[in-house]
Each structure stands twice: as structure tokens, then as C-alpha cells.
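Hello,

Here is the structure we talked about. Please open it and keep it in view while you read on.

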Amino acid sequence: MAPRATVKKKTTKSAPTDPQGMFSGMVAFLIEIGVQSRRLQIWKQKLIQMGATIEDSFSKKVTHVFAMNVDSLLQKIDRERLTRSKSKVLFYQWIEDSLREGKKVPEESYILSLVPGVGDEGSKVSVSNSHRPVNEIDSGADEPGTLKKSRISLEDSRHTSSEDNAKLVEEAVYESSETAGGSDYALRSQSPEVTSSMTSDGQNKTIVTSDSKLLYSPPDLNRNITEIFRKLIDIYRALGDDRRSFSYYKAIPVIEKLPFKIESVDQVKHLPGIGKSMQDHIQEIVTTGKLSKLEHFENDEKVKTISLFGEIWGVGPATALKLYEKGHRTLDDLKSEESLTNSQRLGLKYFNDIKIRIPRQEVQEMERLLQKVGEDILPGVVIVCGGSYRRGKASCGDMDIVITHPDGKSHKGFLPKFVKRLKDINFLREDLVFSIHSEEGTDSGVDTYFGLCTYRGREVRHRIDLKVYPRDIYAFGLIAWTGNDVLNRRLRLLAESKGFRLDDTGLFPATQSSSGKRGSKGSASLKFDTEKEVFDFLGFPWFEPNERNL
């Protein structure tokens, strides 16, 4: 459906062709098999704009052939003809890296070899394998906490150029085409999945499916690398360095999707999210089995202590530093610290409990319990568990529950009744945050509860967040609380490039300051019924929830 607020569309003009551009003199033939159509269109456009000529068929005039892998290449051109030809056969990644560098990068590392066992799909360490993402399994880590709990943050967007935004979307298109293609690496679900969905007429319905595509299941053959990166995520997050924390967070899904064991950094140096610094880390881990940077942090008392305190729920980098400067070094030291808030004391008391991950089956049972209790209180209420559970992971760090009602008004006053009933049955145990805005219409009318809950028959505390949204902004809340943070950041930057501000409460036309710079979000959000409508409006490829582990 079209948004209720109208936005004037800009007419896009084709960029002029530069005959003396970067690709001047190149005559290219593109193997289209295995390439997402939009991605192919972007490559063709860039090549032509920068001086290249695109041929519709392979001939002696062709200087360069580009393909995704050997199989797709040989479906279009036979091996003997290629062997006789003087054309250079390269991976498409050469175009990407050349555009990124602003100059043609050396071709040697991008050559698609026709020698048997090199570049073929069955080769253990072939370059073609390194460019073939597959479906995923549980990464063992959710988003960095400070990033995850900030909804869709607006930070960094002011400093990102439109070219950077376009590149982020292009990367997403590529990843979407590869993930959506489907692979046989997915683990099979042992029990039906139960999810809630809103129909086109606004009615809530329950869908029961055993579709294994709901699960996130990569091979994760390089845990020696990803486990070290996860530790660095926690350390940098505790130190308040979200930029570095985010860079490791982005790299982990790229690495865990690989269907081969990394034996040389050359296998991954052209992958997205694996820059020079990350390559150096991987090389050191592959060579020595450890990373000196992590060892330095683990042996530095200040870093080690601040990192430990930063894992306490409610304790941020500034507070962790103050606690260190007061002379505290262990969790036991903090038990007598008077400056801690009640929520921080609960985070300290249940520190070990909160770190325990929750098996998917148990999250599923608790989601069903929440849906049953909610339905008893308010018939028709929509209750969905988002986060890593909705993205198909095998375990979750906590539960993110997103709630609404189709009639757009009955959600008001629901959360206090819901919380009380859940406490009566000993499901909710301790409160961390509880704020009600739906009655007064403040804070976009979103009601919030953060607390601790227990699974039946156990006293172990798990983190749970309940968010109740008005129906007209529910799609934004569902996107934000499903994640992951990489996807949310890309959506936010794309919205920024189009003159909007995006968060979990809506998509707002950005106001402009007197100096002409974009300022805060406008007062009225555009209205959309579904997540897909938000994606479509922004011009972003649709990702199913289990495809959002970017």
C-alpha cells in the first residue's frame, strides 16, 4: 500500500559517460548466471560510465570476461574456446574493488582459473568458494548490547556520504541475492515453528510451519577466529568504542558463512567487511592460533576490569570507568558500592544468569505462553518474539517481545495488566525499566518494560523486553527489534540519504536548520502497514527475518 504522506520523487538522470575513464578501452562480456539483476545493472552502468564497452555475446573483441564462478562461466562459453581466447577472465569482485579504490586494482588475484581443481566448486580452498555465502547457524552472540538497545540509532548517519549509502544498499542487494538463492547447509528444524502474523485486513493469525528456511544455519567452520572476535566486541563495547565493536560484529557473519576452513588470508581478503586490519588479525590467528591484541587487553588490568563491569546490565562505559577509578576490581567489590542503582544491583546479582543463552525451543515455549496470557487479557493482541529468535538462531541472549493490537486503540493500558498477570504466574520476577506513554500519547505512545523472567521449573533469570506499539508504527518497532544491527544501520543510512530520519517509532521527513543542514526528525511519521512496505518505500531489497543476520 502507498504511504499516506506523499513524497515528491526526484527524477534520476544517467551520469555522463567518460571515454577516458577508469575502464577506458575495456570490452567486457558479463556472465549473468548467478547474479542478482539489480546488481548486474549497477555493474553495467558503472562500467559504461567509466569508458568500457559491454558486448552482448562473446567474441574476439572481448578483453575481459566477468563471472561469479567457473560453473556459471562454462555454461555460457566452452572451455576450449576460452583457452584459445586472449580475454582475461575475472571474478566480478574485481569491479567492486576497483570502484572502491577509485582505480583499477591488480588483476592477478581475481583471475578465475580454468585449471581443474582451481576455481571449481569442489575445490577446498578455491577463491570461488570464498565468494559464495551460504545459510547460517547460531553465531553464539547477539548484537553488541549498547547498539542493540538503542533502537535504530541515528549516530554516524550525519557523517556518511550519499555514495557510502548507495554502496551499503548495493552490498545488501548482493547479500540478498546470495542468501535468497538457498543452499543445502541449513539445519532442519525438529519441531514446527509458531509465529504470529498480521493479515492484509489487519487481523491477527497464527501460522504453524516446519519450514527449515526459518532457521539461521551456516557451517561456522572458523570458530577459532569468530570466538576471538566476539571477545573483542565485548571489550570495545565496554570501553565505549562502538565503532570498533561494530566492525568485528560485521565481520563475524561473513566469516561464519564460509563453507571452508580458512588456511590463508588470501581466501578472504576480497570479502565485504574484511578490511586490512581484519585481514591482519585473521592471518595472525591462522598462523599462531591466538591474537596478540586480545592477549594485551586480557593482561591489562584497567581494560580487563572495565570490560568486566561493562557486562553488568545497566552499567555503561562511563560508569564502569568510575567504578574502576574508585578502586573496584571484582564483582564482589561492587556489592558494597552505594552509587549503584536498583537496576544495576539486579544486573550484578544475576550477572551469571543473564549471560546464559536460552535454547530456541525454550524461547518458543515462552513466546507461546506470552501469547496465551495476552489473548486472555486482550483478544486479538499481536505478540511476536523478535531479536535473534525471529532471525532463526539456535539460541538467544534475551527475549525481545513486540506487541500491538489491530484496532489501533486497545493496546492502551494493556502492558500494566500483562505485566501483573505474568508476575502472578511467577514468569516475570524483577523489574528493570517500566514506562507507560500510551495513555498520555508521549514518546510516540510506546509502552516499555525491561525485566527478568524465568523458564518453568527453573530459577535462572533471563532478560526480557516488552515493547507495546500503536498499530500505525508497529512495522517500525518490529524492524528495529528484529535487527540485526547491520541491517538497521543500512536502513537508517538509506533513509538519511533520502531526507528522512528512521527509528523504531517511524520514518520522519528530516527538518532543515537555518544553515541548510538536516536537523531533527519532523513531527509526523509516514504510515505503513508492514515491514515490507517500509523496505519497498526506501528502495531496499526485502529480507525475510532469517535473512537479516548480515
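Below is what turned up, first for a pair of helices and then for a sheet.

Keep in mind that this is a predicted model.

**The helix pair**

Two packed helices are described by the angle between their axes and the distance between the axes. Start with helix 8 (residues 223–238) and helix 12 (residues 301–310). Their axes come within 8 Å and cross at roughly 90 degrees. Angles of 65 to 115 degrees count as roughly perpendicular, so helix 8 is roughly perpendicular to helix 12.

Which residues meet? Helix 8 brings Asp234, Ile235 and Ala238. Helix 12 brings Val303, Ile306, Ser307 and Gly310. Sorted by class, this contact has 4 nonpolar, 2 polar and 1 charged residues.

**The sheet**

Now find the open sheet of 5 strands. The strand order is 8-10-13-12-11, and the pairing is mixed. Strand 8 (382–385) and strand 11 (428–435) stand at the edges. Each has a single partner strand, so one side of each has no neighbour in the sheet. From one strand to the next, the twist averages 20 degrees.

Look at the strand 11 edge. Strand 11 pairs with strand 12 (residues 447–454) in the antiparallel sense, over 6 bridges. Phe434 stands opposite Tyr449 of strand 12.

**Helices on the sheet**

Helix 17 (residues 360–377) packs on the sheet and touches strands 8, 10, 12 and 13. Its direction makes about 165 degrees with that of strand 8.

Helix 19 (residues 414–424) also packs on the sheet. Helix 19 touches strands 8, 10, 11, 12 and 13. Its direction makes about 165 degrees with that of strand 11.

Best wishes

Notes
Residues are numbered from 1 along each chain as its sequence is written. This is a predicted model: local features need pLDDT of at least 70, side-chain atom pairs count only at pLDDT 80 or more; totals for chains, interfaces and linings use all residues. Side-chain values use heavy atoms; hydrogens and water are left out. Axes are lines fitted to C-alpha atoms, for helices over the stretch in contact, and angles run from 0 to 180 degrees between N-to-C directions. Helices (H or I, at least four residues) and strands (E, at least two) are DSSP runs, numbered from the N terminus. Angles under 35 degrees count as roughly parallel, over 145 as roughly antiparallel, 65 to 115 as roughly perpendicular and the rest as oblique. Contact means heavy atoms within 4.5 Å. Ala, Val, Leu, Ile, Met, Phe, Trp, Tyr, Cys and Pro count as nonpolar, Asp, Glu, Lys and Arg as charged, and the others, Gly among them, as polar. Two strands pair if DSSP finds at least two bridges between them.
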